[in-house]
Amino acid sequence: MTGAEPWPERDAALGALEDVLRAAVSGTGGTAVVTAPVGCGKTALLHRFAERAAGGASAVVLDAVGSSAERALPLGVVSQLFGGPAAPADARAAVAALLAESASFAVPSGRDGGDLLHGAGARVIEGLWRTALELAATAPVLIVVDDVQDIDPLSRQCLLYFARRLRRARLALAVGEAAGVTPPWGRRPLSEELLRQSHCRQVALGPLSPDGVARYLAGRPETAAAAPAAATWHEVSGGNPELVRALVADQPAYAEAAAPRVASAYGHAVVGCLHRSGPDVLRAARGLAVLGDEATPGRLGALIGTGAGPAARAVETLTTAGLLRAGRFRHPTARAAVLADLAAVERADLHLHAAELLNDEGADVEAVAAKLTAAGRAPGPWGVAVLREGAARALASGRSTAAAERLALALRGKVGVRDRAAITARLATAEWRADPAAATRRLTELVVAARSGHVPAAESAMLVRALVWHGRLDEAREVFCGLTLPGPDAAEAGAAIELGFLRGWLRYSCPSLLEVSCGGGAEADPESGARTAIGPAAVTLAPHLQSAALLDRVLTHGGGEGVVAALEEIVRSSRLDDATLEPLATALTALLCADRAVLADRLCDVLLVQAETRRAPVWLAALAGLRARIAVRRGDLAAARRYARSALGALPEHSLGTTVGVPLAAWVTAATRMGDHDEAAALLGRPVPEAMFQTWPGLEYLHARGHLRLVRDRPHAALADFRSCGELMVRWGIDLPRLLPWRSAVALAHLRMGEPDAARAAVEEELELVGPGRSRVRGAGLRLLAAAAAPKERPSLLLEAVESLQASGDRLETAYALADLSRAYQTLGDTSRARRIARRAWPLARGCHAEPLCRELAPMRAGPAPAGPADADAACALSAAEHRVAALAAQGYTNREIARKLYVSASTVEQHLTRVYRKLDIRRRSHLPESLAVEVIDPA
């Protein structure tokens, strides 16, 4: 018998066994049956009992262990009992002779050996009994047999023979039987036979309680620190001593973690327990591992072929042993170990059978698809359909790897040419989400299928976008030109929406693709085709189509409140996924071009959270790049650099394709304006795909490079970059200042070269194109126009520029305009106003981290230090209205200007300022805290 360590909560059981032994020592023999679920310490208890009997009671201990491998060996257990060193030599010799006589006995399969209890068989068993009595005459005898459910039929009959006769002998019999394990050949458990005897005592063991687990952990030096967390250990192990021991083996040396580490020893222990639980229980456990959360007694019984009743009993056996909780394995490691224990073919067969059962019951598609994936087979059209739907579900929940596995498996099924192309397109999408480079191998196959017209319209639209991403523009143009607008059938409405958006998206993302007229409808209005195909009601509900159309409206006519509201609704009401990523990015770009950078900032952050939650690196890269662009537009240079770095780090740079230009341009622009010119130059030294310069990111890249060249005193090279932007935009038919004001950049280069007339001409052309009304483009243009104007004309132009730039939310451009305004007043001799304006610009420049501008403003704002508090915290005592007035006054606005901005009278402004001076303990406007100057730059 194998030794084992003692366990808590076993003293009462051990005492019951010792009572039986004491009775045997006094001449009144008895029997004890120890029953316990597998792994619950039955063997350890019998071992301790045998040790005490041999020691304290000086008994002769004969022990044996049943084994399923020796069931066909006649009297194999009896041979263990009397052939060991504990039996005297003469007893061993006598038993050997008897066993030799029994060698001719044969017990047919399925029999319990009872028909051998006559003739020669009876003589052998009687001889064994006499040998046992002769031993008991000299000393008490304890016979201990563990795992009696696995003993051979003759040994079983021998033990029953002994049990019926030991009442008047100094002989005790203790057997151990695994509870819930059905003996072979349909026999009744031996415990039932023994317990019919009046002198038989049952000792039942179960799993440890949480307190028992705590006592066990506390009693071992290496786990004493984990004792306070015993409840967690009990939850994982179910109190099963064998699993507790395995958890101890899995722990690092002297671990103090609250939760136990669950590793290979735990998994091996679970599998070991199952193999000792009998074939029926083992089969049920494997079925549970395959079914997982879909397991029910009925499904389990159908899967393993036993019916619901036997399956439920097997589950009860495993639950009693602590291996299951509520019909499920207690830890994923247990389920994984059981599945790994199965042969690959058997495991696949079980998963396939489970998928068929679930599908026949109409179970959730996700569950059926998971089983088919585990089986690695797609049986027939129903399996392919399930895998496709399951892949769609997986993509919707952010599990792109699972989606890719299901779609790859679907391709191995029997599918038609058109279905194969559609599945391949979706597979490319799933692989794309994690890493676009991984999906490139699918694109060539899809292009070939598209040439034959086998790729559905919606998938073709996604294919075009993927080809543009990777710079495969000739193939993208070929696929796009082969597209035809679907008909008015309602089933094709989604495809019409996709194609409608694609046309609008290409106009601004890759306009070079539309240079050559083709059948794809390059010249078509983004809305008109889809309106014809699916009607205006569907267009109203389709963000795919609306975002491109609204961007076009913003760029050509400006963004009114209705347009802005529609764009915001698109972003807030649309779920981020592969199909909506570009439309949502287009809507944010439209908001940015409509000078709603603050709103675009907030909405983009919401989408970034979704991308992080859904674990989609491509979405993160695209949205972080867009967020960096928004931050540049707001003048938040530190955030622009941070988000650009995040975009470039979300994927390998070669996976970003042509879109790499967006975060690179934002980072270069931020570094340039922050004064980190070497960093900007290093970024421009990174390799970029040549095809990028035929897409919109290429224009942004050229624009950013031109500004770096300008500050590095290379105005001619900068002018070349800016003119390249303009020439491409004109050629592509998107010469729209709100999209990229390249003429302002050209004007800036001319000013650096001392050519004010050329600068003025460029700016005036841009102002005419952008039209009247406040806008960021107009504000920046007026600033440059002032630089080319006579000194007396500059203040009025710059004041209008400041108004426009503040309304657009661009803090840095506002700071530049204020700095120019301060210089203009300085030139005109108004030193006091110049200093006040410079003080208004400086906190803006500092908040944007624009160090070069801060250095320029430092001497301009110098002067007598204002009396009173210098910290904005002192403004906490102000009311909301007083705070607004004080903030505008700190920015240099006159009382009349403040009254007009806040829609109040000049008298009200004077009253508010009087109270502000009193609360802040200051005497004049110039003493207002400078930090108030940044309070109302962003529009409401």
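In this predicted model, residues 865–872 form a stretch over which pLDDT stays under 50. The model nevertheless has 17 contacts beyond four places in sequence for residues 865–872. A second stretch, residues 519–541, also has pLDDT under 50 throughout, with 39 contacts beyond four places in sequence. Where pLDDT is low, the predicted coordinates should not be read in detail. For the protein chain as a whole, the mean pLDDT is 86, and 89% of the residues reach 70 or more.

The next element to find is helix 6, which spans residues 153–163. Of its 11 residues, 11 are buried, so helix 6 is largely enclosed by the rest of the structure. Among these buried residues are Arg-156 and Gln-157, as well as Leu-159, Leu-160 and Phe-162.

The loop between strand 3 and helix 6 contains Asp-147. Asp-147 is not a glycine, yet its phi is positive, at about 55°. Most residues other than glycine have a negative phi. With a relative accessible area of 17%, Asp-147 is buried, because a residue counts as buried under 20%. A similar description applies to Asp-595, which has a positive phi of about 65° although it is not a glycine. Asp-595 is placed in the loop between helix 28 (581–593) and helix 29 (597–613), and its relative accessible area of 13% makes it buried.

The discussion now turns to charged side chains. Side chains of opposite charge can pair when their charged atoms come close. A search of the whole structure finds 57 salt bridges. One of them joins Asp-146 to Lys-42, with the closest N and O atoms 2.6 Å apart. Asp-146 belongs to strand 3 (residues 141–146) and Lys-42 to helix 2 (residues 42–55), so the pair ties together parts that are 104 residues apart in sequence. Both ends of this bridge are enclosed: Asp-146 is buried, with a relative accessible area of 2%, and Lys-42 is buried, with a relative accessible area of 7%.

Another salt bridge is formed by Glu-235 and Arg-325, whose closest N and O atoms are 2.5 Å apart. This pair links distant parts of the chain, for Glu-235 lies in helix 9 (residues 230–237) and Arg-325 in strand 6 (residues 324–325), 90 residues away. Glu-235 is partly exposed at 38% relative accessibility, and Arg-325 is partly exposed at 35%.

A third example, between Asp-820 and Arg-823, has an N to O distance of 2.6 Å. Asp-820 and Arg-823 are 3 residues apart in helix 41 (residues 811–827), and are therefore separated by about one helical turn. Asp-820 is buried, with a relative accessible area of 18%, whereas Arg-823 is partly exposed at 31%. Salt bridges that share partners join Asp-820 and Arg-823 with Arg-673, Arg-783, Glu-813 and Glu-856 into one network.

Some members of this network appear again in the description of the largest pocket. The largest pocket has a volume of about 1300 Å³. Of the 45 residues that line this pocket, the closest to its centre are Arg-673, His-707, Leu-748, Arg-783 and Glu-813. Arg-673, Arg-783 and Glu-813 are thus named both in the salt-bridge network and among the lining residues closest to the centre. Helix 35 (residues 696–711) gives the most to the lining, with 7 residues. By type, the lining divides into 25 nonpolar, 8 polar and 12 charged residues.

Finally, helix 14 offers two residues to compare. Leu-318 lies in helix 14, which covers residues 308–320. At 1% relative accessibility, Leu-318 counts as buried. Not counting residues up to four places away in sequence, Leu-318 touches Leu-274, Val-281, Ala-285, Leu-288, Leu-323 and Leu-324. Leu-274 is 44 residues from Leu-318 along the chain, while the C-alpha atoms of the two are separated by 8.5 Å.

Ala-308 is also placed in helix 14. Its relative accessible area is 40%, and Ala-308 is partly exposed. When neighbours within four places in sequence are left aside, Ala-308 is in contact with Pro-297, Gly-298 and Gly-301. The C-alpha atoms of Ala-308 and Pro-297 are separated by 5.0 Å, and these residues are 11 apart along the chain. Within helix 14, then, Leu-318 is buried and Ala-308 is partly exposed.

Key: Residues are numbered from 1 along each chain as its sequence is written. This is a predicted model: local features need pLDDT of at least 70, side-chain atom pairs count only at pLDDT 80 or more; totals for chains, interfaces and linings use all residues. Side-chain values use heavy atoms; hydrogens and water are left out. Helices (H or I, at least four residues) and strands (E, at least two) are DSSP runs, numbered from the N terminus. Buried means under 20% relative accessible area, exposed over 50%, partly exposed in between (1.4 Å probe, protein chains only). Contact means heavy atoms within 4.5 Å. pLDDT is the predictor's confidence in each residue, from 0 to 100. On a 1 Å grid over the protein atoms alone, a cavity is a set of points where a 1.4 Å probe fits but cannot get out, and a pocket is an open set with protein on both sides within 12 Å along at least five of seven lines; lining residues have an atom within 4 Å of a point. Grid points are joined across faces, edges and corners, and a volume is the space filled by probe spheres set on the points. Ala, Val, Leu, Ile, Met, Phe, Trp, Tyr, Cys and Pro count as nonpolar, Asp, Glu, Lys and Arg as charged, and the others, Gly among them, as polar. A salt bridge is a side-chain nitrogen of Lys or Arg within 4 Å of a carboxyl oxygen of Asp or Glu.
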